[in-house]
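Please open the model in your viewer and keep the selection panel at hand, since each stop on this tour begins with something to pick out.

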Amino acid sequence: MLTVDIHYFAILREQRGVSQEKLATAAATPAELYEELRARHGFTLPGNRVRAAVNDAFVDAAAPLRDGDRIVFIPPVAGG
Amino acid sequence: MDAFRISPSPIDPAALQRSLADPRAGACVAFEGWVRNRNDGQPVRSLEYEAYPVLAEAEGARILAEARVRFELIGAVAVHRVGHLQLGELAVWVGVTAEHRASAFEACRYIIDEAKARLPIWKKEHYTDGATAWINCATRGDHGGAGAMPPA
């Protein structure tokens, strides 16, 4: 099990009800972690519409997670 | 100078433009994105912007650096607002300088287009009927579109 620090923004923050949480998980990748969170919290966005960032850099959804990572799931963006 | 900044306070375009002053520059092109009162046929009352600031500023700096090389810019600066903005407020400002106008126009367009597509910034529309929606986040089964919430 890893312990990771998850930060939520925008629609995910609203659907989760908090902007940050620490979580022990068996997920090995951001994609696996998102599916776990989606099942638990009822996120409406499917995994293929969410990008991941680890420790403030974009990463592949299949990148390995490490203990203590800070993870952000990025819903479809809409700046400008 | 190159700088991309997320700002919780109002943008001052005159100050940003002054920061680009350079005797080598023969052209300065600026783009302002304003909060407008309608989107996809729905009357909009206000917009809320939220950003992941560290990554938005890092990715924004990459976009400015790309534009600088690609269009031989002299300077490039951009600021994106976060927070709850009212109609007419300035949401994003992009300014570039170059020796000549053609590259300045193209670079300004490149920066705003890439910024909209790449920066981790989100927009929630508040409609005049009280409903809200996160733009681009609609999923099947929603009724009002983007993760829509009924009127409060």
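Begin by selecting helix 2 of chain A, where A:P30, A:L33, A:Y34 and A:L37 are buried; bear in mind throughout that this is a predicted model. If you turn the view until you look down the axis of helix 2 of chain A, the buried residues fall within an arc of 100 degrees, so they line one face of the helix. The helix covers residues 30–41, 12 residues in all, and spans 16 Å from its first C-alpha to its last, close to the 16 Å expected at 1.5 Å a residue. Now add the elements that cover its buried residues, which include strand 2 (20–25), strand 3 (51–54), strand 4 (57–59) and strand 5 (70–74) of chain A. Just after helix 2 of chain A, select A:G42, which takes a positive phi of about 70 degrees.

Next, go to A:L65, in the loop between strand 4 and strand 5 of chain A. Which residues does A:L65 touch, not counting residues up to four places away in sequence? The list is A:L2, A:V4, A:A27, A:A28, A:T29, A:P30 and A:L33, and A:P30 and A:L33 are among the buried residues of helix 2 of chain A. A distance label drawn between the C-alpha atoms of A:L65 and A:V4 should read 8.5 Å, although 61 residues separate the two in sequence. Is A:L65 buried or partly exposed? A:L65 has 19 other C-beta atoms within 10 Å, and because a residue counts as buried at 20 or more, A:L65 is classed as partly exposed.

Stay in chain A and select A:N55 and then A:D56. A:N55 is in the loop between strand 3 and strand 4 of chain A, and A:D56 is placed in the loop between strand 3 and strand 4 of chain A as well. Phi is positive in each, near 50 degrees for A:N55 and near 70 degrees for A:D56. Most residues other than glycine have a negative phi, which is the reason for pausing here. A:N55 is partly exposed, with 13 other C-beta atoms within 10 Å, and A:D56 is partly exposed too, with 14.

Now move to the contact between the chains, and select the 21 residues of chain B that are in contact with 15 residues of chain A. On the chain B side, helix 2 (53–70), helix 3 (101–118) and strand 8 (121–127) each supply at least two residues. Coloured by class, the side of chain B that touches chain A shows 13 nonpolar, five polar and three charged residues.

With chain B displayed alone, you can follow three helices and nine strands, in the order β-α-β-β-β-α-β-β-β-α-β-β along the sequence. The C-alpha atoms of chain B fill a box of roughly 55 × 25 × 25 Å along the principal axes. Of the 152 residues in chain B, 36% are buried, and among its contacts with a separation of 6 or more, 68% are between residues 24 or more positions apart.

For the strands, select strand 4 (residues 42–51) of chain B and work outwards through its partners. Strand 3 (residues 38–39) of chain B runs antiparallel to strand 4 and is joined to it by two bridges, with B:R38 paired to B:P43. These two strands form a hairpin with two residues between them, and B:D40 in the turn has a positive phi of about 50 degrees. Strand 8 of chain B, also antiparallel to strand 4, is joined to it by seven bridges, and here you will find B:S46 opposite B:H126. Four bridges join strand 4 to strand 6 (residues 83–86) of chain B, again antiparallel, and the partner of B:Y49 in strand 6 is B:G83.

Finish inside, with the largest nonpolar core, which has 60 residues; those with the most contacts inside it are B:A67, B:A78, B:V96, B:A107 and B:I111. Helix 3 of chain B gives the most to this core, with seven residues. Centre the view on B:V96, which touches B:V29, B:A67, B:L73, B:G75, B:A76, B:A104, B:A107, B:C108 and B:I111, not counting residues up to four places away in sequence.

Methods
Residues are numbered from 1 along each chain as its sequence is written. Chains are lettered from A and ligands numbered from 1 in the order in which they are written. This is a predicted model: local features need pLDDT of at least 70, side-chain atom pairs count only at pLDDT 80 or more; totals for chains, interfaces and linings use all residues. Two residues are in contact if their C-beta atoms, placed from the backbone, lie within 7 Å. Ala, Val, Leu, Ile, Met, Phe, Trp, Tyr, Cys and Pro count as nonpolar, Asp, Glu, Lys and Arg as charged, and the others, Gly among them, as polar. A nonpolar core is a set of buried Ala, Val, Leu, Ile, Met, Phe, Trp, Tyr and Cys residues joined through C-beta atoms within 7 Å. A residue is buried if 20 or more other C-beta atoms lie within 10 Å of its own, exposed if 12 or fewer, and partly exposed in between; C-beta atoms are placed from the backbone. The expected span of a helix is 1.5 Å times one less than its number of residues. The arc is that of the directions from the helix axis to the C-beta atoms. Two strands pair if DSSP finds at least two bridges between them.
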